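Here's a quick tour of one model, covering its helices and its aromatic rings. Have the viewer open as you read.

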Amino acid sequence: MANQHHDNASAYHGSYKAYIIGFVLSVILTVIPFYMVMNGTASQAAIITTIVIFAVVQVLVHLYYFLHLDTSEEQRWNFMAIAYTFLLVFIFIGGSVWIMWHLDYNMMLR
């Protein structure tokens, strides 16, 4: 009986190949924006856009390869919890930025 539980629990863990793929993708997604910033040949808007896009992709890589979050039936509640967390973070950060911009706009002497 104990071995059966262990077999079910190990089904959610990735293989070494998956961990290596996740690690290599994470390194690539970190090195490219770092090189763009250190090189300085791209425009500031291109660098910021690249950093944001690569950061979002890296979050997805970490969720899939390291946290083993996928769209399977067993992972549905974990996915819903993470989606709710992202929604709250977006509301908190977006609302804070909006409030600070609004205060800055209204408090400046123009």
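## What counts as a helix

Helices here are DSSP runs of H or I with at least four residues, numbered from the N terminus. Keep in mind that this is a predicted model.

## Helix α2

Let's start with α2, which covers residues 16-39. Its 24 residues reach 34 Å from the first C-alpha to the last, close to the 34 Å expected at 1.5 Å a residue. Just after α2 comes glycine 40, with a positive phi of about 75°.

Buried residues in α2 are Gly22, Ser26, Leu29 and Pro33, and what covers the buried residues of this helix includes α3 (44-66). Serine 26 makes a handy example: it lies in α2 and has a relative accessible area of 9%, so it falls under the 20% cut-off for buried. If you leave aside neighbours within four places in sequence, serine 26 is in contact with Gln58, Val61, His62 and Phe66.

## Helix α3

How does the span of α3 agree with its 23 residues? At 1.5 Å a residue they should cover 33 Å, and the end C-alpha atoms sit 32 Å apart, which agrees. Right after α3, histidine 68 has a positive phi of about 55°.

On the buried side, α3 has Ile47, Thr50, Phe54, Gln58, Val61, Leu63 and Tyr65. What covers the buried residues of α3 includes α2 and α4. Two of these names may ring a bell: Gln58 and Val61 are buried in α3 and are also among the contacts of serine 26.

## Aromatic pairs

How many aromatic pairs does a search of the whole structure find? It turns up three. One of them joins tyrosine 64 and tyrosine 65: the ring centres are 5.0 Å apart and the planes meet at 90°, so this pair is edge-to-face. Tyrosine 64 is partly exposed, at 47% relative accessible area, whereas Tyr65 is on the buried list of α3.

Tryptophan 101 and tyrosine 105 also form an aromatic pair, and this one is stacked, with 5.5 Å centre to centre and 15° between the planes. Why are these two separated by about one helical turn? Because they are four residues apart in helix α4 (residues 76-107). As for exposure, tyrosine 105 has 44% relative accessibility, so it counts as partly exposed.

Conventions:
Residues numbered from 1 in each chain as written. Predicted model: local features only at pLDDT ≥ 70, side-chain atom pairs only at ≥ 80, totals over all residues. Heavy atoms only, no water. Phe/Tyr/Trp six-rings, centres within 6.5 Å; stacked < 30°, edge-to-face > 60°. Buried < 20%, exposed > 50% of the residue type's maximum accessible area, 1.4 Å probe, protein only. Expected span 1.5 Å × (residues − 1). Contact = heavy atoms within 4.5 Å.
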